[in-house]
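Hello, and welcome to this structure. Here are some notes to read alongside the view below, taken one point at a time.

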Amino acid sequence: GAIEAEVQQQIRSLSITQLEELAEALLDFFNPSDLVNYLTNISSPQLNPRD
């Protein structure tokens with residue numbers, strides 16, 4: 001199916017490293033919401049365990 005424009009823009013803004021990680025993660029996706037969830041998780045600020 002088609003990917004929403006917002007999701008396409010998020011993908012275009014990823015770094016090369018993030019794109020490589022996404023390419024590997026795609027193998028485990030079963031539906032479009034898996035992609036959206038993945039992008040949400042990588043764009044959320046990650047807390048440093050020492051904080």
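**Notes on the fold and its packing**

1. Starting at the N terminus, the elements of the protein follow the order α-α-α. That gives three helices and zero strands. Please keep in mind as you look around that this is a predicted model. Of the 51 residues in the protein, 14% are buried.

2. Let's begin with helix H1 (residues 5-12) and helix H3 (residues 32-43). Their axes come within 11 Å and cross at roughly 45°. This crossing angle makes H1 oblique to H3. As for handedness, H1 and H3 cross in a left-handed way.

3. Which residues in H1 and H3 meet? From H1 come Val7, Gln10 and Ile11, and their partners in H3 are Leu35, Val36 and Leu39. Sorted by kind, the residues of this contact of H1 with H3 are five nonpolar, one polar and no charged.

4. Valine 7 is a good residue to click on in H1. Is valine 7 buried or exposed? Valine 7 has a relative accessible area of 7%, under the 20% cut-off, so it counts as buried. Neighbours within four places in sequence aside, valine 7 is in contact with Leu35, Val36 and Leu39. The C-alpha atoms of valine 7 and valine 36 are separated by 7.0 Å, although these residues are 29 residues apart along the chain.

5. Glutamine 10 is also found in helix H1. Its relative accessibility is 26%, and therefore glutamine 10 counts as partly exposed. Between the C-alpha atoms of glutamine 10 and serine 43 there is a separation of 9.0 Å, with the two residues 33 residues apart along the chain.

6. Now turn to helix H2 (residues 16-25) and H3. The axes of H2 and H3 come within 12 Å, crossing at roughly 145°. Here the crossing is right-handed, whereas that of H1 and H3 is left-handed.

7. What does H2 bring to its contact with H3? Gln18, Glu21, Leu22 and Ala25 in H2 meet Leu35, Tyr38 and Ile42 in H3. This contact of H2 with H3 divides into five nonpolar residues, one polar and one charged. Leu35 is worth finding in the view, since you will come across Leu35 in the contact with H1 and again in the contact with H2.

8. Tyrosine 38 deserves a look of its own. Leaving out neighbours within four places in sequence, tyrosine 38 is in contact with Gln18, Glu21, Leu22, Ala25 and Phe29. Among them, Gln18, Glu21, Leu22 and Ala25 are in H2.

9. Finally, which residues form the largest nonpolar core? There are seven: Val7, Leu14, Leu22, Ala25, Leu35, Tyr38 and Leu39. At least two residues of this core come from H2, and at least two from H3. H3 gives the most, supplying three residues. Val7, the buried residue of point 4, belongs to this core, and so does Tyr38 of point 8.

Terms used. Residues are numbered from 1 along each chain as its sequence is written. This is a predicted model: local features need pLDDT of at least 70, side-chain atom pairs count only at pLDDT 80 or more; totals for chains, interfaces and linings use all residues. Side-chain values use heavy atoms; hydrogens and water are left out. Axes are lines fitted to C-alpha atoms, for helices over the stretch in contact, and angles run from 0 to 180 degrees between N-to-C directions. Helices (H or I, at least four residues) and strands (E, at least two) are DSSP runs, numbered from the N terminus. Angles under 35 degrees count as roughly parallel, over 145 as roughly antiparallel, 65 to 115 as roughly perpendicular and the rest as oblique. A crossing is left-handed if the near helix is turned anticlockwise from the far one by less than a right angle, and right-handed if clockwise. Contact means heavy atoms within 4.5 Å. Ala, Val, Leu, Ile, Met, Phe, Trp, Tyr, Cys and Pro count as nonpolar, Asp, Glu, Lys and Arg as charged, and the others, Gly among them, as polar. A nonpolar core is a set of buried Ala, Val, Leu, Ile, Met, Phe, Trp, Tyr and Cys residues joined through side-chain atoms within 4.5 Å. Buried means under 20% relative accessible area, exposed over 50%, partly exposed in between (1.4 Å probe, protein chains only).
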